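New notebook page. I'm looking this one up from scratch and jotting things down as I go.

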Amino acid sequence: MTIKFGTDGWRAIMAEEFTFANLEVVVQAIAQYVQETGLADRGIVIGYDNRFLAERFAERSAEVLTGNGIAIMMPQKALPTPVTAFAIQHYGAAGAIMLTASHNPPEYNGIKFIPEYAGPATPEITDRIESLVRDMVAQREEKTLTVSRLRLKAAEEQGLVKTIDPKEAYLDAITGLIDFDAIKASGLKIVIDPMWSAGIGYIEAALDRSAMEYKAIHDYRDPLFGGIMPEPSESVLTELKDQVLASGADLGLALDGDGDRFGIMEADGTYINPNQVLTLLFHHMLTRQGKRGKVARTVATTHMLDRIAAKAGLEVEETPVGFKYIGQSLRDPDCLLGGEESGGLSIQGHLPEKDGILACLLMAEVKAVAKKPLTEILAEIAAEYGTLISQRLDLHTLPEEKATILQSLQQYSPATVAGQTVVKRLTVDGVKLQLESGAYALVRPSGTEPLFRLYVEANSSDELKAIQQDVKSALGL
Ligand SMILES: O=P(O)(O)OC[C@H]1O[C@H](O)[C@H](O)[C@@H](O)[C@@H]1O
């Protein structure tokens, strides 16, 4: 059995590979890693989402950590990933274990480790944990592995268990980052769709604090996620759209399964994609909040951020895909905003971890302050900076084709694409070709799914289609 412990930790199907026995091995490896860091005395937070058996998996993780002499801090109900990360800072912990499979189908579960800086683990950290897991799996096969476990009752008696409830402190923290007065004054009618996730009750509680009215759907635990995936993308948010339209609401706000990603919908049912959300937010921070600072985006994220930054004389940091890189940029206090096309963002003064709750509330602020639809603000931005349309295609290939495509990709260095001269070829992550028109094409193998992603951003939909066509046929995708 191989347990791959990447950026988002380890995810697998419950009962098949995600078993109590395998979880114990992974947690034992994390316990050893935490001891190696010298921070073990600070204890570990255990967060979990709303999936099947979540509390039982959390309890088993607690038994292994305390069995290794590490104190644990555990809530009595599900915590969104950003709130688990916040709890690390709030309680001064050595890190956190988060039990979640994010937006994966209901039969999955997963575990990730968030280090003491409260953002995604860097590859160095996950590599070390993965190598410890490998050693322990081998030892288990040789029957030499000892997983230390302490029954929870005994751990409690030894003072190794602390029950935590970081919700109010988290809400206090984000209250300082969001203009709730403006949201309240706007009287916006909001529909919230936490998608049965660990994020249930957070946006609601933040709006309750401002005595605002809202309507929430899918706001109870359902380990089967209503038969859909807890993924806040346009094609999945059909019920939110119906509710926004039927109730005449001004805004729809959605979260993914562990509350770290967002889905935003305008009053007319238009889905505002993450690139547009980042554009709106960066523009708002500069023009309405009067802030200045650099912006960090992945290589696959909109260059509209570059155009806005260039005009304001600000720097852009371009990273490989993955919030683990954006999180590192956000640890620099000069970084105003960090985000990525796949729906993650955080801001200066907050955690270096993606936070869907914060993102949703910030979009309410943007709309409340501008007093106009987000689509209208986007049209104004386009009038000032030019139009940019982006689209990502997820291209499935046969396993036996992957190596050949990767090889062609390495050598892929055309002089022109769709009749445009290539002005720059970047290999930060996959191959990115920047064209003379300001458009770009990026092809990279996904790190989380068995497919290639083609990202194109162009000045018009015709240009976008022509670039997609050219790249796909050149690479046989
Ligand atoms: O495009 P991929 O390599 O599959 O990654 C897609 C996404 O996967 C995870 O959700 C990471 O947390 C994100 O940071 C990343 O953007």
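How many nonpolar, polar and charged residues does the shell around the ligand have? I get two nonpolar, seven polar and four charged residues. I should keep in mind that this is a predicted model.

**Ligand, continued.** I asked who comes nearest: of the 13 residues around the ligand, the answer is F323, S342, S446, G447 and T448. Then I checked where the shell comes from. Domain 2 (184-385) and domain 3 (389-475) both contribute residues to it, so the ligand lies between them.

**Helix α2.** I moved on to α2, residues 54-67, and tried its length. With 14 residues at 1.5 Å a residue, the helix should span 20 Å, and its end C-alpha atoms are indeed 20 Å apart, which agrees. Next I looked at burial. I found 10 of the 14 residues buried, so α2 is largely enclosed by the rest of the structure. Among the buried ones I noted A54, F57, A58 and S61. The run A62, E63, V64, L65, T66 and G67 is buried too. After α2 comes G69, and I wrote down its phi as positive, near 80°.

**Annotation.** I pulled the UniProt record, an unreviewed entry. Its annotation "domain: Alpha-D-phosphohexomutase alpha/beta/alpha" covers residues 3-134, 168-269 and 273-385. I took two of these stretches further. Residues 168-269 come out at 32% helix and 17% strand, with end C-alpha atoms 32 Å apart. For residues 273-385 I have 51% helix and 17% strand, and the end C-alpha atoms are 18 Å apart.

How values were computed. Residues numbered from 1 in each chain as written. Predicted model: local features only at pLDDT ≥ 70, side-chain atom pairs only at ≥ 80, totals over all residues. Helix = DSSP H or I, 4+ residues; strand = E, 2+ residues; numbered from the N terminus. Expected span 1.5 Å × (residues − 1). Buried ≥ 20, exposed ≤ 12 C-beta atoms within 10 Å, placed from the backbone. UniProt positions renumbered as here; feature names shortened; annotations may be inferred. Near = placed C-beta within 6 Å. Nonpolar A, V, L, I, M, F, W, Y, C, P; charged D, E, K, R; others polar. Domains from an automatic or database assignment.
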